[in-house]
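Let us look at a protein model together and work through some questions about how its parts are held in contact.

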Amino acid sequence: MPPTASPAQNVFDTYVTTFATRDVDAIVALHSPATQFWLHNGEQPVHGRSALRDTFAAMFAQWPEMGFDVHRTIIGDRHWVLEWALTAVLADPDGNRRPIRFDCLDVVTLDENGLVERKDTFIDLPQAQAALTAA
């Protein structure tokens, strides 16, 4: 008999699929009311669904062609760790379009209801700075 997917695996699969759609409300619905999102880039964490909605909407507006490539996933009972690369296309002052890419790592924990209670995203800052400077 094939093994069944864990609840965390099911939430992860839904999260990745939903995030790719850039549907902010659908993403926020996967988070608990008291969720925390922390992009570890020198900013402070945001708390709650409303702040999360604003943060993700701003991120998608700033990075209109943002995508991701998944490298590795480690899934436990109520968490996952995702090693991935952010991809995007930026326009330089001359209007030339330049692809960029830098590595990231997510650590996500779920509450007892299977909703994301905390999402920490760590970026490879030197790699990101080099990519942005080159673009």
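The exchange below deals with the nonpolar core and the salt bridges of this predicted model.

Student: Which helix or strand supplies the largest share of the largest nonpolar core?

Tutor: The largest nonpolar core has 31 residues, and F56 and W80 touch the most other members. At least two residues of this core come from each of α1 (7-21), α2 (24-28), α3 (49-62), β4 (79-91), β5 (97-110) and α4 (125-134). The largest share, six residues, is supplied by α1.

Student: How many residues apart in sequence are the parts that D25 and R53 tie together?

Tutor: The side chains of D25 and R53 form a salt bridge, with N and O 2.7 Å apart. D25 belongs to helix α2 and R53 to helix α3, so the parts that this pair ties together are separated in sequence by 28 residues.

Student: Is R97, the partner of E65 in a salt bridge, buried or exposed?

Tutor: In the salt bridge between E65 and R97, the closest N and O atoms are 2.7 Å apart. E65 lies in the loop between α3 and β3 (67-75), whereas R97 lies in strand β5, so the pair ties together parts 32 residues apart in sequence. Exposed means over 50% relative accessible area, and with a value of 53% R97 is exposed.

Student: Which strand holds R72, the salt-bridge partner of E83?

Tutor: The closest N and O atoms of E83 and R72 are 2.9 Å apart. Because E83 lies in strand β4, the pair ties together parts that are 11 residues apart in sequence, and the strand holding R72 is β3.

Technical notes
Residues are numbered from 1 along each chain as its sequence is written. This is a predicted model: local features need pLDDT of at least 70, side-chain atom pairs count only at pLDDT 80 or more; totals for chains, interfaces and linings use all residues. Side-chain values use heavy atoms; hydrogens and water are left out. A nonpolar core is a set of buried Ala, Val, Leu, Ile, Met, Phe, Trp, Tyr and Cys residues joined through side-chain atoms within 4.5 Å. Buried means under 20% relative accessible area, exposed over 50%, partly exposed in between (1.4 Å probe, protein chains only). Helices (H or I, at least four residues) and strands (E, at least two) are DSSP runs, numbered from the N terminus. A salt bridge is a side-chain nitrogen of Lys or Arg within 4 Å of a carboxyl oxygen of Asp or Glu.
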